[in-house]
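Trainee: I'd like to practise reading interfaces and a binding site. Can we go through one together?
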Amino acid sequence: MPIQTYIEAISSALWEEMERDKEVFLLGEDIADYGGAFKVTKGFVDKFGEDRVIDTVLAESAIIGAATGAALVGMRPVAEMQFADFVTCGFNQLVNNTATTHYRWGLPVPMVVRLPAGGNIHGGPFHSRNPEAWFFHQPGLKLVAPSTPYDAKGLMKAAIRDPDPVLYFEYKYLYRRIKGDVPSDDYEVPIGKADLKREGEDATIVTYGPTVHIALDAAKEIANNDGYTIEVLDLRSLMPFDKETILESVKKTNKVFILHEDTVTGGIGGEISAFITEHAFEYLDAPIKRMGSLDTPVPYAPTLEEEFLPNKKKVVQVVKELLEF
Amino acid sequence: MAKSAAPKKNKKKESSFDKPIKKTLSKQKDPLKGVDLSEEKLIQMYKDMLLIRRFEEKAAQMYGLEKIMGFCHLYNGQEAVAVGGNAATREKDYFLTAYRDHGHALVRGISANEVMAELFGKVTGCSRGKGGSMHLFDAEKRMMGGHAIVGGHIPLAAGFAFASKYRAEQDVTVCYFGDAAANQGVFHETLNMAALWKLPVVYVCENNRYGMGTAFERAFAVWDIYERASAYDMPRDVVDGMDIIDVYKKTKEAVDRARNEHTPTFLEARTYRFRGHSMSDPIHGHYRTKEEVEEMKAKDPIVNFGELLKKEDILSDEDLKSMDEEIKKTVNEAIEYAEESEEPPLDDLYTDVYVD
Ligand SMILES: Cc1ncc(C[n+]2csc(CCOP(=O)(O)OP(=O)(O)O)c2C)c(N)n1
Ligand SMILES: [Mg+2]
């Protein structure tokens with residue numbers, strides 16, 4: 001199987017979907033000639049032309065709104081936010097028009113919004129956000145957040161083919177740092193299915209996105225140093241999230257740690273925690289633990305940002321507390 | 001012109017981008033005639049521009065050395081816009097701009113030390129390292145930011161101006177932003193509001209021809225951006241942004257109108273960035289030609305203003321040289337200062353999320 005980086009896997013999925021279906025088109029700021037701020041769509045305009053790879057004006061509200069309109073009449077737009085943070089400028093369109101029209105009209109809105117998210121690149125307060133929780137709270141939107149090249153490609157294909165609007169969170173920090181096997185033939189990673197990344201008996205880490213890699217590293221370290229086996233569950237899809245697989249794991253390990261890069265309070269971890277206590281309380285041997293970034297804006301100073309984000313050391317410490325409970 | 005997704009009719013039009021960028025300053029006949037600027041002030045303006053240029057050159061170097069991380073947008077080439085504008089204002093007037101903000105911060109009197117330290121993410125930076133390159137500010141100096149969400153600060157300016165008018169204070173707000181920012185809805189929302197409320201505000205669009213990799217001709221249905229203000233019956237003008245005297249005169253006129261008549265103005269300054277969009281973007285990239293960059297560099301606002309000051313016998317070659325040395329020293333000291341400053345203490349992470 002060919003090896004691709006995370007970013008190459010996203011590009012491949014877009015490329016193949018554009019080849020497969022001419023109703024698929026891309027729109028966003030600087031995505032054509034410039035190839036996108038991160039070069040995800042480099043070379044696309046030469047292959048697919050400027051009618052399908054559209055450099056828009058700098059106006060996120062109009063981008064998301066126009067994509068929604070095109071989707072409502074059956075096209076399959078993939079809109080790029082240059083950084084996930086800038087979706088704030090398109091908030092109204094997304095939570096009102098994109099999310100709720102099917103509920104009222106019964107017409108599907110088959111579109112994707114790409115959101116390059118996350119910190120660790122020293123982007124400061126407005127180029128580092130993880131804004132998934134805002135949209136998690138909005139019925140009508142689906143949310144996916146791949147952590148590997150395999151999932152990045154498979155989830156993008158699934159997102160484009162899905163009849164509902166899908167927010168696709170992709171992680172700038174992972175773009176060129178993570179490599180992996182990516183099949184060159186057509187496949188989808190189904191939306192709503194978690195992936196058991198590592199099996200274990202003693203505790204479960206439920207996570208998604210960049211913190212999957214931190215969880216795996218931490219689990220390895222704990223196994224080596226302390227002999228405990230930690231299960232790592234990568235949600236991959238945040239809405240809907242895979243309730244069945246979460247419950248299975250909880251029933252097996254009886255201890256749960258929920259980890260994400262988004263700030264803790266009001267983050268998705270809270271909802272997952274509530275879900276587990278509602279449905280598997282009797283299986284829990286310890287209170288559920290949560291970790292995310294600190295409940296503050298994202299600081300620029302690299303020293304501060306490092307402390308702001310979750311990391312392996314912090315994760316190991318909390319998992320040990322959980323194990324010792 | 002490059003391929004375009006813009007309306008087809010635009011493809012055939014000749015761009016008028018550099019039409020208002022007239023003859024370079026040093027070749028104009030008597031450009032200082034009738035201009036109310038003392039020699040002292042002219043010299044200060046030259047120094048201000050040169051400080052920005054030298055600062056940016058060093059910032060680029062420090063970025064290369066990974067002393068500065070993340071995103072960093074340089075102002076080289078556009079110095080006359082912020083400096084000419086500043087010369088037209090008073091100390092207490094409010095200033096704000098987007099993320100290409102080192103120049104605006106420096107000319108408002110935030111020290112090179114504090115700006116460089118902020119870029120380095122040090123506790124001595126003007127935002128204690130929390131904001132970085134794109135979010136410089138000092139409310140006491142009335143430099144109301146550095147703003148990284150394109151267009152997001154345009155309505156803040158209306159708020160400052162509203163407060164000044166409401167309290168019967170004399171201060172004017174001057175708000176800078178890029179060409180691409182004028183395509184955000186909030187630009188139109190706010191211009192209408194400013195006109196309706198008769199706010200003492202001057203909006204200055206720094207049209208440097210590109211929003212990142214997209215030429216403004218591919219992003220605007222009407223190329224004379226300043227004409228957009230006609231929809232709000234707002235006084236408007238186009239400015240030669242490579243000519244600091246033209247910038248000064250037109251900003252002054254607008255600032256006076258704001259102060260004395262509570263009438264907002266929209267100025268479009270045609271200018272050019274000599275560097276890439278940010279540090280990760282090469283100098284001419286795929287979206288513009290080397291020739292174009294060279295052509296615009298010949299209109300270097302600092303070189304040409306220097307030539308004018310020599311021609312007018314205000315400064316000699318020696319003066320220019322010693323000024324340059326002095327400024328380089330200031331910038332080198334700023335590097336040392338930033339280098340030697342402490343990292344922010346980790347307790348800072350939790351401070352200032354709320355007032356207490
Ligand atoms: C709301 C928002 N969308 C997109 C961006 C990404 N971005 C940063 S600068 C830029 C181009 C802006 O160009 P312009 O306004 O002309 O200013 P210039 O960089 O030329 O000074 C883009 C697309 C952003 N920071 N904020
Ligand atoms: Mg621009």
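Mentor: Sure. Start with the polar contact: a pair of N or O atoms within 3.5 Å; within protein, one must be able to donate a hydrogen and the other to accept it, and residues adjacent in sequence count only if both atoms are side-chain atoms. In this case, a polar side-chain atom of R100(B) sits 2.7 Å from an oxygen atom of ligand 1.

Mentor: Some housekeeping: this is a predicted model, where local features need pLDDT of at least 70 and side-chain atom pairs count only at pLDDT 80 or more, while totals for chains, interfaces and linings use all residues. Residues are numbered from 1 along each chain as its sequence is written, chains are lettered from A and ligands numbered from 1 in the order in which they are written, and side-chain values use heavy atoms, with hydrogens and water left out.

Trainee: Where does ligand 1 lie?

Mentor: Ligand 1 lies between chains A and B. A residue counts as near if one of its heavy atoms lies within 4 Å of the molecule. There are 22 residues around ligand 1, and E60(A), Y99(B), R100(B), A148(B) and N208(B) come nearest. Y210(B) has a backbone N or O atom 2.9 Å from a ligand 1 oxygen, and for H277(B) a polar side-chain atom is 3.4 Å from an oxygen of ligand 1.

Trainee: How do I read the interface of the two chains?

Mentor: People often give interface size as the accessible area lost when the parts come together. Here that loss is taken with a 1.4 Å probe and summed over both parts. Between chain B and chain A about 3,200 Å² is buried, with carbon and sulfur atoms giving 65%. Contact means heavy atoms within 4.5 Å, and 41 residues of chain B touch 35 residues of chain A.

Trainee: How many salt bridges are counted between chain B and chain A?

Mentor: The rule wants a side-chain nitrogen of Lys or Arg within 4 Å of a carboxyl oxygen of Asp or Glu. One salt bridge is counted between chain B and chain A: R218(B) meets D55(A) at 3.2 Å, N to O. Ten residue pairs, both at pLDDT 80 or more, are in polar contact there.

Trainee: And inside chain A?

Mentor: Domain bounds come from an automatic or database assignment, which gives domain 1 (3-181) and domain 2 (195-324) in chain A. Their centres, taken over C-alpha atoms, are 26 Å apart. Each domain of chain A puts 25 residues into the contact. About 2,100 Å² is buried between them, 61% from carbon and sulfur atoms. Two salt bridges cross that interface. R236(A) and D151(A) form a salt bridge, with the closest N and O atoms 2.9 Å apart.

Technical notes
Buried area = accessible area lost by both parts, 1.4 Å probe.
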